[in-house]
Amino acid sequence: NTITFNATMSACRKGGEWQKALQFFEKMARCKVEFNTITFCAVMSACETGAQWEKALHFFGMVAPLQLDLNTGSFNTAMSACHKGGQWKSALQLFTSMTQKKVQMDEITHNTAISVCERGGAWEGALQLWSALVSVMLRPSAITFNAVISACVSSGEWEKALEVFSVMTACMVESTTITHNAVISACQEGIQWERALQLISSPAHSFVKLDTITFNSAISACEKGGEWKNALQLFNMMAYRSVQMDTISFNAAISACEKHGDWESVLMLLSGMLQGKVESDTITFSGAIGALERGGELEKALLLFTMME
């Protein structure tokens, strides 16, 4: 019966067997088992898992002709499938349709739409949706705030990103690693190195796990602000906290030292790259050579240039 098929499709989707879920839908049609809204939510969720956004839209289009309700779950699933498939315009069209049909929206609806705006670079749309979420008395979660902050950062609106983070803190919503990475990226864009350092060292955020992206952005913020000592301290903190260092980490630290002409620290960083088997690139050597030239170590600079070639 319908309930059995729906449950089976959901189980297949949860197990990563999205193709089997679609096969059960086809079998359901052949056996002339009655469809309901849950049926289409299940099969669209399977399409979402398999990154089959076109199939998800196809199934979504079948709901209304069968005189079934297009409910919140139906729209959310179709929007999510489009979002994950990189089809942000189609996802926004679904959101607009949802508004026109006066279908009730929940936090998932808004979070998906905000994430869609982030992907499409529509930071103003993300802020409007965030405001709409608050206006209907739905308390934004960390996921919501993260999406809005990321949308602002992606569009170069670092000041707006920091404003949203301030609201998040005022609302006592716990930040996550994603939050910190987005906010520190905003600090990097705006050369707000002091705020980046404060966020990393603040006891209030000690529960948040800091990763490579977090430190790389903070080091770059210090580098842009000419704070080479703080950049090196952050770099050393990565080793102390056993955070994986990559090429970007070393390049940012080398660039910070280059601006100050601290060639000795640069050579230590290059040695660390070799020992840690971290891949160097043109940016690495350019920064190192620049530091050696500033420090008057022309022979060493020439040697590095020869190694780069």
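Which helix is alanine 196 found in? Hold that thought for a moment, everyone, while I introduce the structure. Please keep in mind that this is a predicted model.

Let's begin with the whole protein. Its secondary structure consists of 18 helices and 0 strands, so when you turn the model on your screen, helices are what to look for. As for overall shape, the C-alpha atoms fill a box of roughly 80 × 40 × 30 Å along the principal axes. The radius of gyration is 25 Å, while a compact globule of 309 residues would have one near 19 Å.

Now, inside and outside. Of the 309 residues, 49% count as buried. The accessible surface comes to about 16,100 Å², and carbon and sulfur atoms account for 53% of that surface. There are also 23 positive and 29 negative charges, and the mean positions of the two groups lie 12 Å apart.

What about contacts along the chain? If we take contacts between residues at least 6 apart in sequence, 61% of them join residues at least 24 apart.

Let's zoom in on one helix. Which residues of helix H4 are buried? H4 covers residues 53-63, and its buried residues are Ala56, Phe59, Phe60 and Val63. Look down the axis of H4 and you'll find these buried residues within an arc of 105°, so they line one face of the helix. And what do they pack against? Their partners are helix H2 (18-30), helix H3 (37-49), helix H5 (72-84) and helix H6 (88-100).

Back to my opening question. Alanine 196 is in helix H12, which runs over residues 193-201. Is alanine 196 buried or exposed? Alanine 196 is buried, because its relative accessible area is 0%, and the cut-off for buried is under 20%. Leaving out residues up to four places away in sequence, alanine 196 touches Ile184, Cys187, Ala218 and Ala221. Try finding serine 217 too: 21 residues separate it from alanine 196 in sequence, and the C-alpha to C-alpha distance is 8.4 Å.

One more residue, glutamine 188. You'll find glutamine 188 in helix H11, residues 177-189. Glutamine 188 has 19% relative accessibility, so it counts as buried. Setting aside neighbours within four places in sequence, glutamine 188 is in contact with Ser217, Ser220, Ala221 and Lys224. You may recognise Ala221, which also appeared among the residues that alanine 196 touches.

That's my tour, and thanks for listening!

Note on methods. Residues are numbered from 1 along each chain as its sequence is written. This is a predicted model: local features need pLDDT of at least 70, side-chain atom pairs count only at pLDDT 80 or more; totals for chains, interfaces and linings use all residues. Side-chain values use heavy atoms; hydrogens and water are left out. Helices (H or I, at least four residues) and strands (E, at least two) are DSSP runs, numbered from the N terminus. The radius of gyration is taken over C-alpha atoms; the globule rule is 2.2 Å times the number of residues to the power 0.38. Buried means under 20% relative accessible area, exposed over 50%, partly exposed in between (1.4 Å probe, protein chains only). Contact means heavy atoms within 4.5 Å. Accessible areas come from the Shrake-Rupley method with a 1.4 Å probe; for residues, only the protein chains shown count as cover. Lys and Arg count as positive and Asp and Glu as negative; His and the chain ends are not counted. The place of a charge is taken as NZ of Lys, CZ of Arg, CG of Asp or CD of Glu. The arc is that of the directions from the helix axis to the C-beta atoms.
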